[in-house]
Amino acid sequence: EKGFGAAKYQIKYVTGTATKTVTVKGTSKTLSSLKSGKTYKIYVRAISKSGLSSPWSSVAKVKVK
């Protein structure tokens, strides 16, 4: 939505039955806890200053080398 004014973002990553979510204030984040050889499903959403959140993004599948 135009004018949403994202103050921070949430990144959700899923492998098997494990799901973790991290909140970041910038537009990039290094997820150092990801394990080599595993494939993760990654989702992102924006959170406004007032606490409203956008829907989760479409899934991106990432395999860690």
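In the predicted model, Gln10 stands opposite Thr23 in strand 2. Gln10 itself lies in strand 1, and its bridge partner in strand 3 is Arg45. Gln10 counts as buried because its relative accessibility is 16%, the cut-off for this class being under 20%. Leaving out residues up to four places away in sequence, Gln10 touches Thr21, Val22, Thr23, Tyr43, Val44, Arg45, Ile47 and Trp56. Lys49 is 39 residues from Gln10 in sequence, and the two C-alpha atoms are 13 Å apart in space.

The chain as a whole contains 4 strands and 0 helices. Read from the N terminus, its elements follow the order β-β-β-β. The C-alpha trace spans about 40 × 20 × 15 Å along its principal axes. The chain has 65 residues, of which 20% count as buried. Among contacts in the chain with a separation of 6 or more, 49% are between residues 24 or more positions apart.

The 4 strands form an open sheet with antiparallel pairing, arranged in the order 2-1-3-4. Strand 2 (18–24) and strand 4 (60–63) are the edge strands, each pairing on one side only. From one strand to the next, the twist averages 30°. In general, the strands of a sheet pair through backbone hydrogen bonds, in either a parallel or an antiparallel sense.

Strand 1 and strand 2 run antiparallel and are joined by 7 bridges. These two strands form a hairpin, with 2 residues between them. Gly16, in the turn of this hairpin, has a positive phi of about 55°. Besides the position of Gln10, the pairing with strand 2 includes Lys12, which stands opposite Thr21.

On the other side of the hairpin pairing, strand 1 is joined to strand 3 by 8 bridges, and these strands also run antiparallel. Several positions of strand 1 can be followed across to strand 3. Lys8 stands opposite Ile47, Gln10 has Arg45 as its bridge partner, and the bridge partner of Val14 is Lys41. Strand 3 also pairs with strand 4, in the antiparallel sense and over 4 bridges. One position in this pairing is Tyr40, whose bridge partner in strand 4 is Val62.

Tyr43 lies in strand 3. Apart from residues up to four places away in sequence, Tyr43 touches Gln10, Ile11, Lys12, Val14, Trp56, Ser57, Ser58 and Val59. Tyr13 and Tyr43 are 30 residues apart in sequence, with their C-alpha atoms 6.4 Å apart in space. Trp56 is listed among the residues touched by Tyr43 and also among those touched by Gln10.

The largest nonpolar core consists of 7 residues, namely Ile11, Tyr13, Val24, Leu31, Leu34, Tyr40 and Ile42. Strand 1 (6–15) and strand 3 (39–48) each supply at least two residues of this core. In soluble globular proteins, nonpolar side chains tend to be buried together. Val24, a member of the core, is in contact with Lys8, Tyr9, Ile11 and Lys29 when its neighbours within four places in sequence are left aside. One of these contacts, Ile11, is itself a core residue.

The largest pocket has a volume of about 150 Å³. Its lining is made up of Tyr13, Thr15, Ala18, Thr19, Lys20, Ser33, Lys35, Lys38 and Tyr40. Strand 1 and strand 2 each supply at least two residues of this lining. Strand 2 gives the most, with 3 residues. Tyr13 and Tyr40 are part of the pocket lining and also belong to the largest nonpolar core.

How values were computed. Residues are numbered from 1 along each chain as its sequence is written. This is a predicted model: local features need pLDDT of at least 70, side-chain atom pairs count only at pLDDT 80 or more; totals for chains, interfaces and linings use all residues. Side-chain values use heavy atoms; hydrogens and water are left out. A nonpolar core is a set of buried Ala, Val, Leu, Ile, Met, Phe, Trp, Tyr and Cys residues joined through side-chain atoms within 4.5 Å. Buried means under 20% relative accessible area, exposed over 50%, partly exposed in between (1.4 Å probe, protein chains only). Contact means heavy atoms within 4.5 Å. Two strands pair if DSSP finds at least two bridges between them. Axes are lines fitted to C-alpha atoms, for helices over the stretch in contact, and angles run from 0 to 180 degrees between N-to-C directions. On a 1 Å grid over the protein atoms alone, a cavity is a set of points where a 1.4 Å probe fits but cannot get out, and a pocket is an open set with protein on both sides within 12 Å along at least five of seven lines; lining residues have an atom within 4 Å of a point. Grid points are joined across faces, edges and corners, and a volume is the space filled by probe spheres set on the points.
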